[in-house]
Structures are given as structure tokens and as C-alpha cells.
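Here is a protein chain to explore together. Have the sequence and the 3D view side by side, and look up each residue as it comes along.

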Amino acid sequence: MTRSQLVRPESGAGTGPSRRATIAILDFGSQYTQLIARRVRESRVYCEIFPHDVTLEELRAKGVIGVILSGGPASVYEPDAPDINPSILAGGIPVLGICYGMQLMAHVLGGDVVAEGKREYGPATVDIAQHSGIFEGLGASERAWVSHGDTVRTPPPGFTTIARTSTVPVAAMSDGSTRFAVQFHPEVAHTPRGAEIIRNFLYRVCGATGDWTPAAFVEEAIAEIRQTVGDRPAICALSGGVDSAVAAALVSRAIGDRLLCVFVDTGLLRANEATEVMATFGPRLRLAHFNASERFMRELAGVDDPERKRAIIGEQFIRCFETVARMQGFASDGPAKPFLVQGTIYPDIIESRSRESKTSARIKTHHNVGGLPEVMALEVVEPLRRLFKDEVRRVGAELGIPEDILWRHPFPGPGLAVRVLGPVDQEKLDTLRRADAIFIEELRAADLYRTVAQAFAVLTPVRSVGVQGDFRTYGALVALRAVTTEDFMTADWARLPYDLLERVSARIVNEVPGVNRVVYDISSKPPATIEWE
């Protein structure tokens, strides 16, 4: 019997689709928590991020076969340091502690942690003393990335030291069976063989089977959607982006013609967006066009705070879908509400600080997560809420969605409202549309559109002096943004050719009235976000 069978939900339990064996990542506030999740998913093993105070019963109910404790900025001796339910560490479920997770494991189980002990920051050489378990197949010494102040001086009873560095005598520890911990970060690229360490934990210790594949997700998601939706109708918020397109295709396969896709024209769209979306998806899906541009512009008048913009847009989207539901005869105040399908993905939830991440700060509210009104005549279903962007694309390919849709650059739900910095009006939107269209047109002409993950223009409130046609101008400043990324949780600025940037800049200042200066954003995420608002 594998260890995964020890905690897998009993077969036949419940009436719904079977629960997938899950790795739980407990979040202690590390900047790398989402990266741990990426590494687990890349190993074809499903995982979810949980708050650090989750209970053992909650984990068992989720089908958890292993637990990874993230790092974090706290010291175990601080009064408000994030803690863990001790029963999770009792040995019934395999556990891997990373950095703070190791210190916490040692502290709770009776080891000795030295506060403000031997600090390590940056690269280090880890000397491995035991080549079984998580270190199976590794060399005698491996490079690793370390970032910690506190250290474990003495492992807990029953644990032994299995690795050390030149400055830290306990760089890794284990009970020789199901519990392991490392003081370094195997999830980062600066630990060259870190992915192997994580895979060893998943497969050798937890008994994972590597069944997290696009085909498996599609099968399970369809079964879950059918159980959740039942015989009720559903409306899908279709924006034309990859997330909503994949969500629509998935739900359409599950419930057929009971799904009505609705494209809401907010007036905040890119050039020719409405025409292109209707032409692209109209032949594929049951699709309705709802023009609400006047409503959105009216509600956004004079609003300059980006969080307020997102809240207004989130509420207005819902009111539009409720209106369509009433027009279709779907609306109900009882238990048989129609469903609203949204293309919410995992980074949306993480950045909006969902209830599942108590130690992570909210970066910004996504209009389809934290921006929804409390009272709605629709029940939300989000079939992609546990997927990263690259996983969404793989699922879309499995569903047969064309590549030109799958690789379309993301566009924020609030649209150009969060790319016009400050209050939005029609003149600013028109200016931004023209500038953005030129940027994307030149990227495509240079065959560079697919080499960047997202590219767009931003209209700033900054005005500067210029000279055009021998006359002084005092015009607007447009910023260009292009990034490369795999998961949109972190991103780097794209190194676009200078001649391309020169062409884009020249065209914008010559073809877009009122703009006399163009700059290029070379900020990574973090510290910046991809969008400016």
C-alpha cells in the first residue's frame, strides 16, 4: 500500500466526482509560496495553497497525500508568528518543511531553533549526508539558494541531520520515513536540482502518481460542472480572452445549449474588440452581444482610484448579466438561481487575497473575485479557479480551441479603465486605443507577438513639453509595457529591439493626437505588477 492510499478519500464516498489526490501547500507568507505550487504542478501532481491554520480534518477531506510548509518572514519565537495544527506534523501525512517551515516543524516537535542565529543569504553549497528520500539521486554536494536568519540547532527527537552547509550544521533533517525539512529553497531556479528534490518528495515519499494532466482535468471538470449546475441554465461572461474562452468551451461541453455566452461591450475595449469577438466566437458558441458602454461610462465618471474602478466595474458586469438572465427568463430569487460562469484563474485569486491565503497581502482586487457585489441573482461557477495561465492554455488545446485564441494576450476585465490612469473619459479612451493598436500592430509585423506574454499601452496623467512642426506642444505621455512570463505570478520586462520601439514611438506621436512622448516600462514583477493599476 502506498502512503497516498493511507489518506486518499474512500472510494464511493459521496455522490459527486472523485476527489483528486492533492498536495497541500501551507502558506506562511513566503514570497515563493506560489512558486512551490508551480513546481508541484510541473511534476504533474495537483496541489492547492491553504492557510497555515488549516486543520488535519480539512486536509483529509480534500484528499491530501502530502503537505509542504512554505517559508515566511517570521521567527517562530515572535508572539504572532504563524503556527500550525500539531496533528498535521504527527506523521500520518508526509510533510516537507521549507525554510520557516523547517524551523516551525522543529519548534513544534521539540527541537531547538536559534533565533537570529547563523544568517545565510544567497547561494550556498549543501553537503548531503543521506541520499535517500528527498535526496535520492543527488550528489554529495549541491548548490542551493538560502535566505534565512533563524536556524535549527538541534533536530526534534526521532529526527537526524541529513545535510549541512559550511555555516549551518542542520541544513536538512528527516525522521527517516515521512517527514523531511530543508533550510534552503528547492523551489527557486537558483537551486539547480531543487525540482528533483520536490519530485522525490512527491513520488518517493507521498506516493503521487503523476496523473495531473489536461485530459484528466477536463474529464473531472466536466463531471463537477454537471453535478454543480444540474439542470439549471448558465450564463458565461465571455470577454474573448483565453480564460473566458476555455471556461466557455468547458462548460459548453458539460451542459450544451443550456449555456448562453454573453459578451458585454463596456466601452472600455481595445480597437475593434467587439467586432472581432463576435466574429470569432459567434460560430462556435451560443453568443449574445450586450452593449452597456453608456452604463459603464456613467458609473466611472470622475473616479480615479483603481480599486474603486474595479469594484464599480465588477458590480456593473454582474448587473448586466442579471439583466440578460431576466430577458431570457432565467432569473430566480430561490435556490434555482441561474449560474454565472467566469474565467477566474488561480493568480486572480492569489492577488485578490482570497480567504485561502491569510498571510499574503492583497495586491489588487480582480473585478471577478473581490470586486463582486455581495447580493446577486446569479450563482458563480469558476471551473478554472485552480489553474495557472499555462495550464489554462494546455486545457484549451485539449478542448480543441484554436491557437490564435489560446495565445491571445490577456486583457484585464476592467479593460482600458485600468490602463487610463486617473479618471476615464471618451477622449482618453480613444487616445489609448489608437496608441495600443499601433503597438500591437508593430509587434505582429515584427513577428514578436508570441515572444511576449502580454503587451499594451498605458495613458498616463503626465503631460510634458514637446516640439512638433516648430511649435511648442504640451501633450500626453504614453507608456509601453511588454513582459515575458510563464505563470503571470512573476514577470520580466521584454527586451524588445530598439528599432521596433523607435517605430512604435514615431507612429504614436505622429498618428495619435495629443501625444508627444512615449516611454518604455522596464520594471519586473515584483516589485511592479504587470498592469499599472
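Arg44 sits in the loop between helix H2 (33-42) and strand E2 (47-51). Keep in mind that this is a predicted model. Arg44 is not a glycine, and yet its phi is positive, about 65 degrees. Is Arg44 buried, partly exposed or exposed? Its relative accessibility is 45%, so Arg44 counts as partly exposed.

Asp447 also has a positive phi without being a glycine, with a value near 55 degrees. You can find Asp447 in the loop between H14 and E17. Asp447 counts as exposed because its relative accessibility is 65%, and the cut-off for exposed is over 50%.

Now compare these with two other loop residues. The table puts the four side by side.

| Residue | Loop | Relative accessibility | Class |
|---|---|---|---|
| Arg44 | between H2 and E2 | 45% | partly exposed |
| Asp447 | between H14 and E17 | 65% | exposed |
| Ser70 | between E3 and E4 | 0% | buried |
| Arg286 | between H8 and E14 | 35% | partly exposed |

Let us look at Ser70 in more detail. Ser70 belongs to the loop between strand E3 (64-69) and strand E4 (95-98). With a relative accessibility of 0%, Ser70 counts as buried. What does the side chain of Ser70 reach? It comes to 2.9 Å from the backbone nitrogen of Phe28. Leaving aside residues up to four places away in sequence, Ser70 touches Leu26, Asp27, Phe28, Gly29, Ser30, Thr33, Ile36, Ile98, Tyr100 and Gly101.

Arg286 is in the loop between helix H8 (273-281) and strand E14 (287-291). A polar atom of its side chain lies 2.8 Å from the backbone oxygen of Asp257. Again leaving aside residues up to four places away in sequence, the residues that Arg286 touches are Asp257, Arg258, Leu259, Leu260, Cys261 and Gln328. For a sense of scale, try finding Arg286 and Val504 in the view: they are 218 residues apart along the chain, and 38 Å separates their C-alpha atoms.

Val504 brings us to a helix, since it is among the buried residues of H15. Helix H15 (residues 498-511) has 14 residues. From its first C-alpha to its last, H15 reaches 20 Å, close to the 20 Å expected at 1.5 Å a residue. Which residues of H15 are buried? They are Leu500, Leu501, Val504, Arg507, Ile508 and Val509. Their cover includes helix H14 (426-445), strand E17 (454-468), strand E18 (471-484) and strand E20 (515-520).

Further along, in the segment after E20, you will meet Pro526 and Pro527. The peptide bond from Lys525 to Pro526 is cis, and its omega is near -15 degrees. The bond that joins Pro526 and Pro527 is cis as well, with omega about 10 degrees.

Finally, turn to a pair of helices. How do H6 and H12 cross? The axes of helix H6 (residues 214-229) and helix H12 (residues 389-398) come within 9 Å, with a crossing angle of roughly 80 degrees. That angle makes H6 roughly perpendicular to H12. At this meeting, Pro214, Ala215, Phe217 and Val218 in H6 touch Arg394, Val395 and Glu398 in H12. Sorted by class, the contact has five nonpolar, no polar and two charged residues.

Key: Residues are numbered from 1 along each chain as its sequence is written. This is a predicted model: local features need pLDDT of at least 70, side-chain atom pairs count only at pLDDT 80 or more; totals for chains, interfaces and linings use all residues. Side-chain values use heavy atoms; hydrogens and water are left out. Helices (H or I, at least four residues) and strands (E, at least two) are DSSP runs, numbered from the N terminus. Buried means under 20% relative accessible area, exposed over 50%, partly exposed in between (1.4 Å probe, protein chains only). A polar contact is a pair of N or O atoms within 3.5 Å; within protein, one must be able to donate a hydrogen and the other to accept it, and residues adjacent in sequence count only if both atoms are side-chain atoms. Contact means heavy atoms within 4.5 Å. Axes are lines fitted to C-alpha atoms, for helices over the stretch in contact, and angles run from 0 to 180 degrees between N-to-C directions. Angles under 35 degrees count as roughly parallel, over 145 as roughly antiparallel, 65 to 115 as roughly perpendicular and the rest as oblique. Ala, Val, Leu, Ile, Met, Phe, Trp, Tyr, Cys and Pro count as nonpolar, Asp, Glu, Lys and Arg as charged, and the others, Gly among them, as polar. The expected span of a helix is 1.5 Å times one less than its number of residues.
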